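This report covers ring packing and charge placement in one protein chain. Begin with the sequence and the structure below.

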Amino acid sequence: MFLKKLVIQKGDEIIREINFHKGVNFIVDETPESQPPQSTGNNVGKTTVLRLVDFCFGSDGKNIYQDTEFKKQPNTVIEGFLKKNNVIISIILVKNIDDKNSPELVIKRNFLTYKKKIQEINNQNITDNAEFDSCLKQLVFNTEVEKPTFRQIISKNIRDEKNKMNNIVKVLHPYTKAEEYEALYLFWLGLEFTEMSEKYRLSDEKKTEERMQKQFEKNTSSLSLIEQTLSVVNRKIEELDCKKNNFNLNPNYKEDIDKLNEVKYQLNKTSSELGKFEMRKDLIIESKEGLEKEYSQIDSSQIKLLYEKAQALISTIQVSFENTLKFHNDLISEKLKFITRELPELEKTILIKKTEIDNLTKAEKELVEQLQKAGVTEDLEKIVVELNQQYERKGRLEEQKRFWEESKIRLNTINENLKAVNDDIYKQDSLIKSRITEFNK
């Protein structure tokens with residue numbers, strides 16, 4: 001599509017209208033001869049026009065009144081003018097700029113928010129940014145693939161920043177993931193894959209599982225070590241059971257031992273459940289502590305004095321440092337609320353499980369006392385205490401093993417699905433190579 005026109009309005013009043021023509025368009029310095037000429041052509045509005053066009057394509061527009069190097073000190077005069085006067089930026093795109101009857105695509109935006117926000121495509125107001133991006137992608141590029149986004153596709157068309165001026169293909173944010181670049185490059189080469197969004201999702205899931213695996217390795221060294229330790233614990237339990245069963249117990253031995261076995265089973269089961277809930281709690285607390293470290297510790301009293309001095313010189317300063325600090329800390333607080341919302345219920349459940357374990361331990365002790373005879377009490381109690389400890393240890397190890405094995409299964413499934421997606425892409429390898437050859441040429 002061709003850019004036909006850029007219109008700047010202040011409410012209903014048109015304050016600037018720029019018509020574009022097929023081929024190269026120049027922005028020329030028209031400084032009157034009576035004023036000193038500009039030999040460099042700086043400050044005549046070349047970059048601003050680019051950024052206004054980019055604003056209509058979905059940018060946040062801050063670079064129009066905010067320097068990339070000094071983002072905390074925006075030009076409040078320009079920002080105030082754009083917002084107080086409800087400045088509206090419109091662009092008109094056409095498929096055939098030589099045909100006066102060619103269908104037009106009109107995009108219109110202002111700098112206000114909420115109910116006053118204007119973000120129109122052909123007179124339809126689309127305030128949701130993701131929907132706006134998707135609609136533009138469908139209309140301009142005639143595609144509905146989820147990845148890449150419209151903003152990513154046009155990143156090479158609006159060359160208003162240093163990295164875009166210097167780079168040919170690495171034109172996105174410095175921290176952009178390889179999967180996003182892969183989807184973008186394939187699209188630029190004329191190849192669309194609906195599986196790219198699935199690949200992006202699977203890659204994120206893979207990183208999550210790999211982080212979990214590292215956490216397991218940090219806490220337990222390896223799955224093999226857990227299995228070996230579990231084997232040792234099981235042998236120890238067998239030995240202790242054998243010792244306990246060799247005691248000369250009372251005539252109701254069979255009935256009492258059945259009860260004792262049932263209590264042991266419940267104790268083992270409850271210990272496993274407790275291990276699972278405590279592990280979940282530890283992961284949440286670790287995430288919580290990580291977020292709490294992000295709270296800003298800046299001495300706001302000193303900054304306040306600086307702001308008061310600045311206000312005396314610049315009356316248009318609108319936002320205080322405390323407000324910015326409060327917004328940052330409020331955002332962290334909301335994240336903390338979201339992450340820790342399970343903690344009260346988890347702690348309640350853990351407390352219940354511990355109470356159940358205490359009751360079961362007490363019941364087991366009572367049953368053991370019924371099974372004991374004079375002369376063997378102390379030895380039998382030692383065996384029962386050690387047996388309980390081994391069963392608790394077994395429960396924790398089995399829970400760790402289950403978590404680890406489930407994570408490995410999930411990781412294998414993710415890798416298989418990723419391989420299937422990559423295989424579909426590799427099927428087009430010859431076409432991709434021919435497109436790259438054409439691009440390099």
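What follows starts with the overall chain and then turns to its aromatic contacts.

## Overall chain

The model is predicted. The protein chain holds 14 helices and six strands. Of its 441 residues, 34% are buried.

Contacts in the protein chain with a separation of 6 or more were sorted by distance along the sequence. Residues 24 or more positions apart account for 65% of them. The exposed surface of the protein chain is about 28700 Å². Carbon and sulfur atoms supply 51% of that area.

## Aromatic pairs

How many aromatic pairs does the count give? The count comes to six. One of the pairs joins F141 and F150. Their ring centres are 5.8 Å apart, and the planes meet at 55°. That geometry is tilted, because an angle over 60 degrees would be needed for edge-to-face and one under 30 for stacked.

F141 also pairs with F187. Here the geometry is edge-to-face, with 5.9 Å centre to centre and 85° between the planes. F141 belongs to helix α3, residues 129-141, while F187 belongs to helix α6, residues 178-188. The pair therefore ties together parts that are 46 residues apart in sequence.

Ring pairs also bring in F57, giving a cluster of F57, F141, F150 and F187.

## Burial in the cluster

Is F150 buried or exposed? F150 is buried, at a relative accessible area of 1%. F187 is buried too, at 13%. F141 is partly exposed, with a relative accessible area of 29%. The cut-off for buried is under 20%, so F187 falls inside it and F141 does not.

## Helix α6

Which residues of α6 are buried? They are E179, E180, Y181, A183, L184, L186 and F187. The list includes F187, the ring that pairs edge-to-face with F141.

An α-helix has 3.6 residues a turn, so residues three or four places apart point the same way. That spacing can be checked against the buried set in the display. After α6 comes G190. The phi of G190 is positive, near 85°.

## Charges over rings

Two basic side chains lie over aromatic rings. What sits over the ring of F55? It is the charged end of R109, at 4.2 Å from the ring centre. K156 lies over the face of W188, 5.6 Å from the ring centre. W188 falls within the residue range of helix α6, 178-188.

Key. Residues are numbered from 1 along each chain as its sequence is written. This is a predicted model: local features need pLDDT of at least 70, side-chain atom pairs count only at pLDDT 80 or more; totals for chains, interfaces and linings use all residues. Side-chain values use heavy atoms; hydrogens and water are left out. Rings of Phe, Tyr and Trp (its six-membered ring) pair if their centres lie within 6.5 Å; planes under 30 degrees apart count as stacked, over 60 as edge-to-face and the rest as tilted. Buried means under 20% relative accessible area, exposed over 50%, partly exposed in between (1.4 Å probe, protein chains only). Helices (H or I, at least four residues) and strands (E, at least two) are DSSP runs, numbered from the N terminus. A charge sits over a ring if NZ of Lys or CZ of Arg is within 6 Å of the ring centre and within 35 degrees of the ring normal. Contact means heavy atoms within 4.5 Å. Accessible areas come from the Shrake-Rupley method with a 1.4 Å probe; for residues, only the protein chains shown count as cover.
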